[in-house]
Amino acid sequence: AWAWKGAEIPAINSNGSIKSVVSANPAAGFSIVSYTGNGTAGATFGHGLNQAPELIIPKNRDEAQSWVVGADAIGKSYILDLSNLNAKLSRAGQYYYDWDSTTITTGSQIHTNGLNDKIIAYCFHSVAGFSKFGSYSGTGSSINQINTGFAPRFVMIKRTDSTGGWRMYDNVRGLDRSIQAQNADAEYDDPTNYVDFYASGFQFNNNGTTQSNPDINGNGGTYIYMAFANQF
């Protein structure tokens with residue numbers, strides 16, 4: 001399990017046009033937000049952080065809908081879907097299409113603002129020395145080092161310009177073992193998927209052998225990632 005701790009006691013947040021209930025840990029750049037959708041495009045709700053989130057993962061709790069993902073690294077008019085392999089999709093104005101230091105703005109889409117539906121959203125932003133959210137380009141044939149500013153213990157990677165799994169790595173299970181969020185498969189034990197953690201980030205290199213799997217380091221591919229250190 002990977003866990004992110006919010007507040008001991010959730011608080012009512014009255015920022016925006018929709019009142020939310022927030023469990024936030026602003027120092028760690030993380031909050032859990034619960035709200036009820038009103039089905040109206042342009043609705044806003046407070047996220048409880050001290051700065052704008054960089055990655056948001058919402059889920060409609062009342063409807064059988066997938067987990068959409070919004071992130072600065074792909075642009076606010078695009079989304080990804082945690083439950084499939086798809087590349088980023090242009091959905092301007094339909095899901096979350098803006099966020100700032102106080103609120104998140106939604107469209108009228110059922111995933112994030114279904115009328116009278118209960119929604120939960122997990123919000124993150126980078127914190128120096130603890131977490132990093134960003135993007136990189138794959139090299140395919142050369143060592144590719146991604147600088148996070150700390151030694152990660154958990155990394156999640158998704159290709160955004162083409163299909164690719166949501167691959168998750170940690171240094172407890174072994175860095176040649178990935179789990180994919182979009183399916184129910186057991187962990188992958190595949191040397192071509194190897195990710196190496198080092199003092200300032202992660203890289204695709206196993207004892208001098210470049211890892212060129214298209215899901216994580218395909219030549220010219222575009223990727224987003226989320227990385228966390230041991231603890232805040």
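The following conversation walks through a predicted model, taking up a small sheet, the pockets, a cavity and some salt bridges.

Student: Let's start with the open sheet of 3 strands. In what order do the strands come?

Tutor: Happy to begin there, keeping in mind that this model is predicted. The pairing in this open sheet is antiparallel. Strand 4 (44-46) and strand 9 (96-99) each pair on one side only, and they are the edge strands. From one strand to the next the twist averages 25°, and the order of the strands is 4-10-9.

Student: How many residues are in the hairpin that joins strand 9 to strand 10?

Tutor: Look at the pairing before the turn. Strand 9 and strand 10 (residues 103-106) run antiparallel, with 3 bridges joining them. Within this pair, Y96 stands opposite T106 of strand 10. The hairpin that links strand 9 to strand 10 does so through 3 residues.

Student: Now the pockets. Which residues lie nearest the centre of the largest pocket?

Tutor: This pocket holds about 350 Å³ of space. Its lining divides into 11 nonpolar, 3 polar and 4 charged residues. Of the 18 residues that line the largest pocket, those nearest its centre are W2, A3, F228, A229 and N230.

Student: What is the division into nonpolar, polar and charged residues in the lining of the second largest pocket?

Tutor: About 270 Å³ of space lies in this second largest pocket. It is lined by 13 residues, with W4, I57, L82, F124 and M156 nearest the centre. Strand 11 (118-124) and strand 14 (154-159) each supply at least two residues of that lining. By class, the lining of the second largest pocket comes to 13 nonpolar, no polar and no charged residues.

Student: And which elements give two or more residues to the lining of the largest cavity?

Tutor: The count is 1 cavity of 30 Å³ or more, and the space in the largest cavity is about 40 Å³. Its lining is made by L55, M156, I157, K158, W166, I224, Y225 and M226. Sorted by class, that lining has 7 nonpolar, no polar and 1 charged residues. The elements giving two or more residues to it are strand 14 and strand 22 (222-228).

Student: Let's turn to charge. How many salt bridges does a search of the whole structure find?

Tutor: Good topic for anyone who thinks about electrostatics! Side chains of opposite charge can pair when their charged atoms come close. The cut-off here is a side-chain nitrogen of Lys or Arg within 4 Å of a carboxyl oxygen of Asp or Glu. A search of the whole structure gives 7 salt bridges.

Student: Take the salt bridge of K5 with E8. Are these residues buried or exposed?

Tutor: The closest N and O atoms of K5 and E8 are 3.3 Å apart. A residue counts as exposed when its relative accessible area is over 50%. K5 has 52%, so K5 passes that cut-off. With a relative accessible area of 67%, E8 is likewise exposed.

Student: R173 forms a salt bridge with D170. Is D170 buried or exposed?

Tutor: In this pair the closest N and O atoms are 2.8 Å apart. R173 has a relative accessibility of 23% and counts as partly exposed. A residue under 20% relative accessible area counts as buried. At 5%, D170 is therefore buried.

Student: R173 and E187 also meet in a salt bridge. How many residues apart in sequence are the parts that the pair ties together?

Tutor: The N to O distance for R173 and E187 is 2.7 Å. R173 lies in the loop between strand 15 (167-170) and strand 16 (177-180), while E187 lies in the loop between strand 16 and strand 17 (188-189). The pair therefore ties together parts that are 14 residues apart in sequence.

Student: Which residues do salt bridges that share partners join into one network?

Tutor: R173 is a good place to start, since R173 forms a salt bridge with D170 and another with E187. E187 is partly exposed, at 32% relative accessibility. Salt bridges with shared partners make one network of D170, R173, R177 and E187.

Note on methods:
Residues are numbered from 1 along each chain as its sequence is written. This is a predicted model: local features need pLDDT of at least 70, side-chain atom pairs count only at pLDDT 80 or more; totals for chains, interfaces and linings use all residues. Side-chain values use heavy atoms; hydrogens and water are left out. Two strands pair if DSSP finds at least two bridges between them. Helices (H or I, at least four residues) and strands (E, at least two) are DSSP runs, numbered from the N terminus. Axes are lines fitted to C-alpha atoms, for helices over the stretch in contact, and angles run from 0 to 180 degrees between N-to-C directions. On a 1 Å grid over the protein atoms alone, a cavity is a set of points where a 1.4 Å probe fits but cannot get out, and a pocket is an open set with protein on both sides within 12 Å along at least five of seven lines; lining residues have an atom within 4 Å of a point. Grid points are joined across faces, edges and corners, and a volume is the space filled by probe spheres set on the points. Ala, Val, Leu, Ile, Met, Phe, Trp, Tyr, Cys and Pro count as nonpolar, Asp, Glu, Lys and Arg as charged, and the others, Gly among them, as polar. Buried means under 20% relative accessible area, exposed over 50%, partly exposed in between (1.4 Å probe, protein chains only).
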